[in-house]
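Work through the exercises below with the sequence and the model open. Each task is followed by a solution in steps.

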Amino acid sequence: MRPPHLACVAFGFIGCALASTPPLDVTEYSHTSFGPGQGSPDNVATLAQTSDGFLWLGTTSGLYRFDGVRFERIETVGTVPLPGEYITALKAPRSGGLWIGYEFGGASFLDGRGLRNYPPETGGLPDGTLGSFAIGPDGVVWAGTTRGLARFAGQRWTDVTQTLGLPSPYAFNVIADKSGDLWIQSAGKIGVLRRGASRVYMYALSAEQPLRLDSDGRVWARAMSRTQDCLYLLDSTRDDTPPCRPLPRGYPDFWLIDRNGGLWVGNDATGVSVLPIPSFERDPAAPASTGASTHDPRFLSFAEGAVAISVLQDREGNVWFGTTGGLVQLRVPRLRRHGPFPGGFVVLGMGNHNSLWVATTHSRLADDFFQMKDGLMVPYRGGPTMITASYRDATGVLWVGGYGRLWKLNDSSWEEIAAPTPELANAPGDTLRRTQAIARDATGDLWLSVVRVGLFRLRDRRWERVLVPGTPAYDYPLVIYPDGNDLVWLGYSHARLASLTHDTWRLYTERDGIDVGSVQVLRRINDQLWIGGERGLQRIHDGRIEALPALSALGVVSGLLQARNGDLWIAASIGAVHIGRQELARLDVAPRVKTLEYERLDVLDGWPGVAPGIRPLPTVLEGDDGRIWFEAKNRFSYIEPSERIRNTIIPTVIVGSVVDDGRRRNPADSLTLFPNVRNVVIDYTATSLTIPSRVRFKYRLENLDNTWQDVGTRRTAYYNNLPPGRYAFHVIAANDDGVWNAQGAAVSLIVPALFYQTIFFRIVVVMLGILVLAALFFVRLRQVTDKQRKYLEQRMEDRLNERTRIARDLHDSLLQGFEGLLYRLQAVRHMLPQRPDDADRALQVALEKGDEAIAESRDAVRGLRSAVPIGRDLEEALRALREECGTEEGRSTPSYRVIVEGPRRKLAPLAQDEIYRIVREAFRNAIRHANADTIEAEITYGEDAFSLRLRDNGVGLDPQAQHREGHWGLQGMRERATQLGGRLEVWGKRGAGTEVELTLPAGLAYDDGAGKR
């Protein structure tokens, strides 16, 4: 093995990641820049985070508030404006609120009660630029300015520069440690005001850069000690200078001591880096060491040459830099990412003893193949070049293929294997004949797939071409996977899968259920074969190919790995997917389960990207130490499963503003909106700054929403046309790791009612409605009463007309008949003595006339009787006609029947009475005039009309009889039918019987309401 090559310098930091050397390299941090294009101001001079989680930016152009998504410029609070735009100092007390210092002097305090300004001329502050605030454990606030030191206790600032004995009024930088001691930089020296002391103690220690406070409340300073840059941990319990911790050369800027103990420094080229805190000098009297570290740290430069001005580590552990170009966030990703690299570097496989094999697919460097081991990139020369495929067998031997070439690595020596065909041997490096896949089965045979050439097997040091039934000879598998004893799987393009078991081939296609497109990876997971391809995942379960609905959203699957602990890791187009072994076991019990809990890591977590499709190089690997490695696009990423990075900070939820019909208002405990409001827009946010794009929200408006509305990452709620009433808007949020703030935030909303929306108005409207209905009821009642009265009057008029007619008939027939009879009898009396024969004949005629008069009288009297007896329906009354009319006429009773068609319905009383009269008249005519011996009545209850037919087999109807003078029967029947609103039809001729039909519309005939319109 040769010494480290020049490439080791370029890639040495990867080895450092493998070798577990804290702190994290700055290039492994995920960084996000915010510039003017994202709404960030430039020249961010100072940073602070308030207790509600907001990040505050003090800039040369004003004060800004940032929730991770939106920058909001603060100019006024209520009606009180900020006294200046050039912000030089910010400090957030733990109890809440924000202290603000200005370039031209003065301070302000902002909290939920508003903004209070303290100008230098009246507020008690020195008249100079305010450089910093310090807050002690007792709550006392200190302000360092260019013209003195001030103390705030109660409600007023007090200048204490002379009282404390400062050597110079220039006290720009002040800081309070955890014990309550106040550290001050004045006249280039460091001093301390010990708790309870009345005078400042000055050290002989010069400090050119601001003091820094770590997460434990300790104060650090960077200063020169003779010729050595030193880092000092200040200790107020001693009066001498603390021991020097030598710093490497070339780091003029001292920015931060983070919570993990990392020292953030800057170089001359405006880059930042993270170093371990240096140890003490072994011999303070000895010459200063060079401070060289075991490796050269890498630097991160800001976009477009921006220079860092301020720094802050927030409550979630993210590091923020305010720069001349805007704001930069650095956070520790879940996946530690390295790259991109020059030369197209890819991971080939894991080596022994936690090493990693790395190579390039393009011959642009002096070496193509490297092993990362013990923190170094070691080249292996005289071996493979332009690598396209790799495979590590069960014995640890690494096989590597290129363009028409094949190598084998034993320990540290390379052996090139002869090509399987003369065509490949005579054209090494042919880019059209790329090694696609390599594998070694349980019998020791080596399998080789070559693009555009085919499939080969090396057995007993001899190559042989392998032909798979159902595939062309030149076809080549994309994936080769030895699966146990005497079983080999081959994955092809176009959803094809082949297996070889005991020299027996079987080919699976889409007809057998293969639906992953071109096969890219085959692995045995929980004793079942999983198939990954360009359209997702499938597996062979109990001999059947089945889909996995719970994992249908993965996209392209290029890598599968079951770790030693049983968890499953998947490299897919949506990112790295981690499924715990418990969830994985659920698929064995219920393979068609619709949902499955899994963790997804994407580019925001350090995911290197989507690996190129149809490639034989591994995309997910497990190291000896349990790290899971991913590779794509010349980048490597790994995750420590045992060191889960989880954001446990509960996000603070804030309702920002409420806009009702265009009027924007800051939220209060209770807001009264416009009456009859049309549009209500509620802005809310949650101050989780790590990955704000993953913060999820749910909200609910009480008295309107029955359930919580899951709106994802949306930070605005919309409501339209809220009715009058009281509402309570509640919103909750979860951070990027799903930690919920179940209490959330709330604001009460009151929508006042207009006069027509009040209960009183509604009562009045209801009462008026009742009055209108009552009036309509009485109007309708009167209409019905008038109609009934008119109906009764019409009935009385009809009866009167009928009786008048009968009286007229009696007068015209009965009276005149009896008068004529009297005249004839008188004539008979006069003829009897002289002409007895003539008298006898005249008497006979008179008796006949008397009989006619009696018959006519009987008919008239019958017309005065009631039509249908009370309590009988029409059908029953018609059946009684045979006995009634037959007896009256003195003739033999004819054969008579009544037929009913359709469901029986109740008839209107008047209609039933008139129908009966008409039918009775027709029945009497059939007996009296037609001499019928068979009569039939047919009643039809139709949907649209009522009809009744009376048929007889009598002598028929004389056409002249209908118009003969003195015969009123048919005419009276027609008059009755017309008065009812119906129609009467009569058919008949001599010797053929007679048929009478009465038809009435349903609305006039029925009394059950069904026919009414």
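**Exercise 1.** Does D483 count as buried or exposed, and at what relative accessibility?

Solution. The model is predicted: local features need pLDDT of at least 70, side-chain atom pairs count only at pLDDT 80 or more, and totals for chains, interfaces and linings use all residues. Residues are numbered from 1 along each chain as its sequence is written, and side-chain values use heavy atoms, with hydrogens and water left out.

Step 1. Take the classes: buried is under 20% relative accessible area, exposed is over 50%, and partly exposed is in between (1.4 Å probe, protein chains only).
Step 2. D483 has a relative accessibility of 8%, so D483 counts as buried.

**Exercise 2.** Find the side chain that meets D483 in a salt bridge, and state which parts of the chain the pair ties together.

Solution.
Step 1. A salt bridge requires a side-chain nitrogen of Lys or Arg within 4 Å of a carboxyl oxygen of Asp or Glu.
Step 2. The partner is R524, at 2.4 Å from N to O.
Step 3. R524 belongs to strand β48 (residues 519-525), while D483 sits in the loop between β44 (479-482) and β45 (487-492), so the bridge ties together parts 41 residues apart in sequence. Strands are DSSP runs of E with at least two residues, helices are runs of H or I with at least four, and both are numbered from the N terminus.
Step 4. R524 is partly exposed, at 30% relative accessibility.

**Exercise 3.** Describe the R564 and E622 pair in the same terms.

Solution.
Step 1. The N to O distance in this salt bridge is 3.8 Å.
Step 2. R564 is in the loop between β52 (557-562) and β53 (568-572) and E622 is in strand β56 (residues 620-622), so the bridge links parts 58 residues apart in sequence.
Step 3. R564 is exposed at 56%, whereas E622 is buried with a relative accessible area of 15%.
Step 4. Elsewhere, salt bridges with shared partners join R334, R600, D602, D605, R694, D736 and D737 into one network. The search of the whole structure gives 51 salt bridges.

**Exercise 4.** Check the length of helix α10 and its degree of burial.

Solution.
Step 1. The expected span of a helix is 1.5 Å times one less than its number of residues.
Step 2. For the 20 residues of α10 (residues 909-928) this comes to 28 Å, and the end C-alpha atoms are 28 Å apart, which agrees.
Step 3. Of those 20 residues, 16 are buried, so α10 is largely enclosed by the rest of the structure.

**Exercise 5.** Which residues does K189 touch, leaving out those up to four places away in sequence?

Solution.
Step 1. K189 is in strand β18 (residues 189-193) and is partly exposed, at 30% relative accessible area.
Step 2. With contact taken as heavy atoms within 4.5 Å, K189 touches I184, M202, Y203, A204, L205 and S206.
Step 3. The side chains of K189 and S206 also make a polar contact at 3.1 Å. Such a contact is a pair of N or O atoms within 3.5 Å; within protein, one must be able to donate a hydrogen and the other to accept it, and residues adjacent in sequence count only if both atoms are side-chain atoms.

**Exercise 6.** State the totals for the protein chain.

Solution.
Step 1. The secondary structure comes to 12 helices and 72 strands.
Step 2. Of the 1013 residues, 50% count as buried.
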